[in-house]
Amino acid sequence: MTARRRLPSTFAWAVSVAAVLGFALLTLVVAQGWLDGLDRATTAVPLVPGSAAEEIFAAIALVTTPVVCYSVVLGYALWCLRRRLRNLAMAMFLSIPVAWGGGYAWKALLARERPESPHELITALGHSYPSQHAAAITVLVVTVTATLIHTRQPRTVMLGWRVAGLALVAVVLLDRWIMSAHWLSDLLGGVLWGASVVASAMLACGVRMVPPELEQLLAARPDPERERRTCAVVYNPARVTDWPGFRRRVEYELDARGYRPLWLETTAADPGRAMTLRAVRERVDLVLGAGGDGTIRIICDGLAGTGIPFGLIPAGTGNLLAKNLGIPLDESTALLMALDGVDTPVDLVRLAVDGELPGEHFSVMAGLGVDAVIMAATNPDLKRAVGSAAYFVAAARHASYPPVNARIRVDDGPELRRRASVIVIGNVGFLQGGIPLIPDARANDGLLDLMVASPRSARDWARIVTRVLTRREHGDAALDRITGRRVSIRIDRTDPYQMDGDTVGTCSQLVAEVVPGALTLRLPAGHRHGLVAPAAAETPARLPETPAHH
């Protein structure tokens, strides 16, 4: 499999470097005037002004102006962004200003005059080199090609677009030449400039754009004599925005690695328990999970202690586990990590409420008090529309939620009594928007982190929020941070509690205990985002400096 993983990077670098060097060399030659004679010798025979042919070519020039081409590229970028092809979308967003603005910069720098033309064209103003029309159409054709490759379209679609794309570029070049808007070297310069910009942007954004035929030719193929492995794909259909494209990509990558897919779709009644149980019962070799935080938590709970590798494909609005562990939010990149990454043990936390055993596991955070109330009050439609901002809307509505009287014990330490507004148990430490709620929490340190906020006034709230956001939370009498392996909490009433962002129910007592290495997660080799070295698991519990002050 080594050749297959190295190919995209090598191919991307080769294309990008070739395009950049080609444009640089041509620009040098044009600047020295070495092509002036050839350009003049190859000028087109002028069309008759006012003829039907002139009107047709003038119309072509108008509908293929850079503003039209880049508007189409922008539309594709938004389409890709909605389908979680974030890297591809970012490459498109980057290509537009660089190609367009850079083209004008080169024009101003070389100040090359256009050929004499009998045609009055509003699309042939300013200097000549490089052709903005040629650059824009090249960016458009390459980005559409990348989208088709990324979404693993059928060969007939790919072949049809290659013919259409080349024809589109040819028509634009012919139009600019026959209307005497550019010299031939201007057109070649525009193509090379557009290609160098879009190829470099895709390389910078980590986009794999290898033609399928080349990928299949050079990639290592699985041994046909070897028994094919099974990969269960547990997915939430409400979160997978482009189901046909997602299925094509997954099946293509699984087949290339010798996996047989087992598709398991979650439902509103069962967000993943029965599906994960089936995957475990059938002893699959790998589980891929595509969904939001709730789906991922249930899959993690079902895989706890099984040793079955889990590949996470973020497909929700929160994606807290992915963000904390540095798993890419780009769907295609996350898929490759899930398939080619290294099996890495990470901790889970088992939570039992009101004495009910054995309890469920969570991977991110669990909370009592206003934290859980905010999660329950967050409007799902608003969350889909504005993402993490929906939590702040819910928080503002419940700022006066009454605190609870809590008795807290971590491991064998002293009992702490707090009148707490927020009680959060964390396996990892960051919330939506990168808010460092428990920044010291790590997913494989064999410990859980407890945060208790006990503000008595609006001033206390403001101070706590400021300290949390600036990571200067230690030493505040209204804020406790404790690290251990087990925490038990009793409160004086029944209150909602949440796990990984989903309000699960209500309780008056809960016990949380870390389960070291319970989940085998696919991460890149040497990955340390949100993780610590195994030796850190021996770190003793950190107790607050003032055991009781309320």
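In this predicted model, aspartate 480 sits in strand 12, which spans residues 479-484. With a relative accessibility of 3%, aspartate 480 counts as buried, because that value is under 20%. The side chain of this aspartate is joined to that of arginine 418 by a polar contact of 2.5 Å.

Stepping back to the whole chain helps to place such details. The protein chain contains 18 helices and 14 strands, and 52% of its 550 residues count as buried. Among contacts between residues at least 6 apart in sequence, 75% bring together residues at least 24 apart. The accessible surface of the chain amounts to about 24400 Å², and carbon and sulfur atoms account for 61% of that area.

Turning to the interior, the largest nonpolar core holds 46 residues, and the members that touch the most others are Val287, Phe310, Leu312, Ile327, Leu519 and Leu521. Strand 14, covering residues 502-523, is the biggest contributor to this core, with 5 residues. Leucine 521 offers a good view of the packing: leaving aside residues up to four places away in sequence, leucine 521 touches Phe310, Leu312, Leu325, Ile327, Val342, Asp343, Thr344 and Val346. A second core, separate from this one, has 38 residues, among them Cys69, Val142, Leu148 and Ile149.

Cysteine 69 makes a handy entry point to that second core. This cysteine is found in helix 4 and counts as buried, since its relative accessibility is 3%. Not counting residues up to four places away in sequence, cysteine 69 touches Thr64, Ala136, Ile137 and Leu140. Cysteine 69 and valine 141 lie 72 residues apart in sequence, while their C-alpha atoms are 9.4 Å apart in space.

Helix 4 also has a part to play at the surface. Leu74, Leu78, Leu81 and Met90 form a nonpolar patch there, with a combined accessible area of about 320 Å². Helix 4, made up of residues 66-82, gives the most to this patch, namely 3 residues. Leucine 74 belongs to helix 4 and counts as partly exposed, because its relative accessibility of 37% falls between the 20% and 50% limits. Helix 4 thus holds both cysteine 69 and leucine 74: cysteine 69 is buried, whereas leucine 74 is partly exposed.

Methods
Residues numbered from 1 in each chain as written. Predicted model: local features only at pLDDT ≥ 70, side-chain atom pairs only at ≥ 80, totals over all residues. Heavy atoms only, no water. Helix = DSSP H or I, 4+ residues; strand = E, 2+ residues; numbered from the N terminus. Buried < 20%, exposed > 50% of the residue type's maximum accessible area, 1.4 Å probe, protein only. Contact = heavy atoms within 4.5 Å. Areas by Shrake-Rupley, 256 points an atom, 1.4 Å probe, with all protein chains shown as cover. Core = buried A, V, L, I, M, F, W, Y, C linked by side-chain atoms within 4.5 Å. Patch = residues over 30% accessible without salt bridge, like charges linked within 9 Å, V, L, I, M, F, W, Y side chains within 5 Å. Salt bridge = Lys/Arg side-chain N within 4 Å of Asp/Glu carboxyl O. Polar contact = N/O pair within 3.5 Å; in protein donor to acceptor, adjacent residues only side chain to side chain.
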